[in-house]
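Student: Please take a close look at one part of this model, the aromatic rings. Which of them pair up, and how are they placed?

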Amino acid sequence: MNFRLFAAIATFFFAACDISSDADDGIRKDALAFAENYFNFDFHAASDHSTPEGRKWIGYVASNVSEADLIVLRSYGHAAEVEVNAIDTQNDSTVIVTLSVSGFMSMDSIGRPGHIADEAVFRLPMVRRQDRWLVRMEGPLRSEK
């Protein structure tokens with residue numbers, strides 16, 4: 001009798017681990033899709049991975065890209081690289097994804113051209129809506145200091 005109970009618990013535990021791993025893979029994939037597009041200035045594609053409420057912030061960031069920023073970005077010649085560091089689950093429909101981003105355009109001063117930043121850490125709040133994980137922006141993304 002104890003063996004059957006142990007086998008049932010072990011089966012449930014391993015199945016739960018597989019579900020969690022699959023969920024993390026989906027979150028990771030959606031976070032990377034957003035971040036790679038956002039940090040490489042493909043704001044239209046990034047908005048596909050954002051909540052409708054966050055799209056206004058993507059539009060705001062896009063509207064502040066100047067010709068001088070684009071010259072700096074073109075002269076750099078490399079795409080920004082993104083890596084997921086951690087996924088912190090808040091509840092079944094909300095997570096915080098911590099990313100390292102390197103070689104990206106940092107536009108931190110209004111009226112001055114941006115510059116290429118070596119590396120920074122960002123936290124993306126994400127929500128699950130209709131079986132997709134979307135970035136919930138509440139303002140322009142800012143690096144952790």
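Tutor: Start with two rings: Phe104 and Phe122 are both buried, where buried means under 20% relative accessible area, exposed over 50%, and partly exposed in between, with a 1.4 Å probe and protein chains only. The model is predicted, so to speak of local features a pLDDT of at least 70 is needed, side-chain atom pairs count only at pLDDT 80 or more, and totals for chains, interfaces and linings use all residues. Residues are numbered from 1 along each chain as its sequence is written, and side-chain values use heavy atoms, leaving out hydrogens and water.

A pair of aromatic rings is described by the distance of the centres and the angle of the planes. Rings of Phe, Tyr and Trp (its six-membered ring) pair if their centres lie within 6.5 Å; planes under 30 degrees apart count as stacked, over 60 as edge-to-face, and the rest as tilted. The whole structure holds 8 aromatic pairs. One of them joins Phe34 and Tyr38, a stacked pair with 5.3 Å from centre to centre and 20 degrees between the planes. These two residues sit in helix 1 (residues 2–39), 4 residues apart, or about one turn of the helix. Helices (H or I, at least four residues) and strands (E, at least two) are DSSP runs, numbered from the N terminus. Phe34 counts as buried because its relative accessibility is 0%, and Tyr38 counts as buried because its value is 6%.

Phe104 and Phe122 form an edge-to-face pair, with centres 5.5 Å apart and 75 degrees between the planes. Phe104 belongs to strand 2 and Phe122 to strand 3 (residues 115–129), so this pair ties together parts that are 18 residues apart in sequence. Both pairs belong to a cluster: ring pairs link Phe34, Tyr38, Phe39, Phe41, Phe43, Phe104 and Phe122.

Strand 2 (residues 94–106) also holds Ser106. Ser106 counts as buried because its relative accessible area is 14%. Apart from its neighbours within four places in sequence, Ser106 is in contact (heavy atoms within 4.5 Å) with Gly114, His115 and Ala117.

As for the setting, the protein has 4 helices and 4 strands, in the order α-α-α-α-β-β-β-β from the N terminus on. Buried residues make up 37% of its 145 residues. Among contacts in the protein with a separation of 6 or more, 52% are between residues 24 or more positions apart.
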